[in-house]
Amino acid sequence: DISLVLMDIKMPVMSGEEATRQIRTFNQDIPIIAQTAYAMIGEKEKSFAAGCNDYLPKPIRPQMLLETISKYF
């Protein structure tokens with residue numbers, strides 16, 4: 001079973017926001033952490049609106065990643 005998703009927002013075929021919306025149609029409980037290099041104004045809010053639980057801008061700092069993941073376990 002999958003315990004957590006690290007969702008890249010900018011992907012070639014489908015955006016991370018769309019992938020998150022699709023995941024949420026069958027799984028409301030799995031934590032989804034958005035990660036993106038496009039940390040512009042409004043990106044965080046768009047990720048949350050799509051169903052992400054958290055947000056990390058790239059470059060991702062290892063300590064911040066571990067702290068964010070630990071909130072869900």
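## Starting point: helix H1 and Thr 20

Helices here are DSSP runs of H or I with at least four residues, and they are numbered from the N terminus. With that in hand, Thr 20 is a good place to begin: this residue lies in helix H1. Please keep in mind throughout that the model is a predicted one.

Thr 20 has a relative accessible area of 0%, so it counts as buried. Leaving aside residues up to four places away in sequence, Thr 20 touches Met 7, Ile 32, Ala 50, Gly 51 and Cys 52. One of these neighbours, Ala 50, belongs to the H2 side of the contact between H1 and H2, which is the next stop.

## How H1 packs against H2

Helix H1 covers residues 16-26 and helix H2 covers residues 43-50; their axes are 8 Å apart and meet at an angle of about 20°. Since angles under 35 degrees count as roughly parallel, H1 is therefore roughly parallel to H2. The crossing of H1 past H2 is right-handed.

Who makes the contact? From H1 come Glu 17, Thr 20, Arg 21 and Arg 24, while H2 supplies Glu 43, Lys 46, Ser 47 and Ala 50. Sorted by class, this contact of H1 with H2 holds five charged residues, two polar ones and one nonpolar one.

## Salt bridges: a pair within H1

Side chains of opposite charge can pair when their charged atoms come close. How many salt bridges does the model have? The count comes to four, and three of the pairs are described here, starting inside H1.

Arg 21, already met in the contact with H2, forms a salt bridge with Glu 18, and their closest N and O atoms are 3.3 Å apart. Both residues lie in helix H1, three residues apart, which is about one turn of the helix. Arg 21 is partly exposed, at 39% relative accessibility, and Glu 18 is also partly exposed, with a relative accessible area of 28%.

## Salt bridges: pairs between elements

Next comes a pair that links separate parts of the chain. Asp 8 forms a salt bridge with Lys 58, with 3.2 Å between the closest N and O atoms. Asp 8 sits in strand S1 (residues 5-8) and Lys 58 in the loop between strand S3 (54-57) and helix H3 (62-70), so this pair ties together parts that are 50 residues apart in sequence. Asp 8 has a relative accessible area of 23% and is partly exposed; Lys 58, at 34% relative accessibility, is partly exposed too.

The side chains of Asp 54 and Lys 71 also meet in a salt bridge, at 2.7 Å from N to O. Asp 54 lies in strand S3 and Lys 71 in the segment after H3, so the pair ties together parts that are 17 residues apart in sequence. Is each partner buried or exposed? Asp 54 counts as buried, at 11% relative accessibility, whereas Lys 71 is exposed, with a relative accessible area of 55%.

## Leu 66 on helix H3

Our last visit is to helix H3, where Leu 66 lies. Exposed means a relative accessible area over 50%, and Leu 66 has 54%, so this leucine counts as exposed. Along the chain, Leu 66 and Asn 53 are 13 residues apart, and their C-alpha atoms are separated by 15 Å. For contrast, you can look back at Thr 20 in H1, which is buried at 0%.

Conventions. Residues are numbered from 1 along each chain as its sequence is written. This is a predicted model: local features need pLDDT of at least 70, side-chain atom pairs count only at pLDDT 80 or more; totals for chains, interfaces and linings use all residues. Side-chain values use heavy atoms; hydrogens and water are left out. Axes are lines fitted to C-alpha atoms, for helices over the stretch in contact, and angles run from 0 to 180 degrees between N-to-C directions. Helices (H or I, at least four residues) and strands (E, at least two) are DSSP runs, numbered from the N terminus. Angles under 35 degrees count as roughly parallel, over 145 as roughly antiparallel, 65 to 115 as roughly perpendicular and the rest as oblique. A crossing is left-handed if the near helix is turned anticlockwise from the far one by less than a right angle, and right-handed if clockwise. Contact means heavy atoms within 4.5 Å. Ala, Val, Leu, Ile, Met, Phe, Trp, Tyr, Cys and Pro count as nonpolar, Asp, Glu, Lys and Arg as charged, and the others, Gly among them, as polar. Buried means under 20% relative accessible area, exposed over 50%, partly exposed in between (1.4 Å probe, protein chains only).
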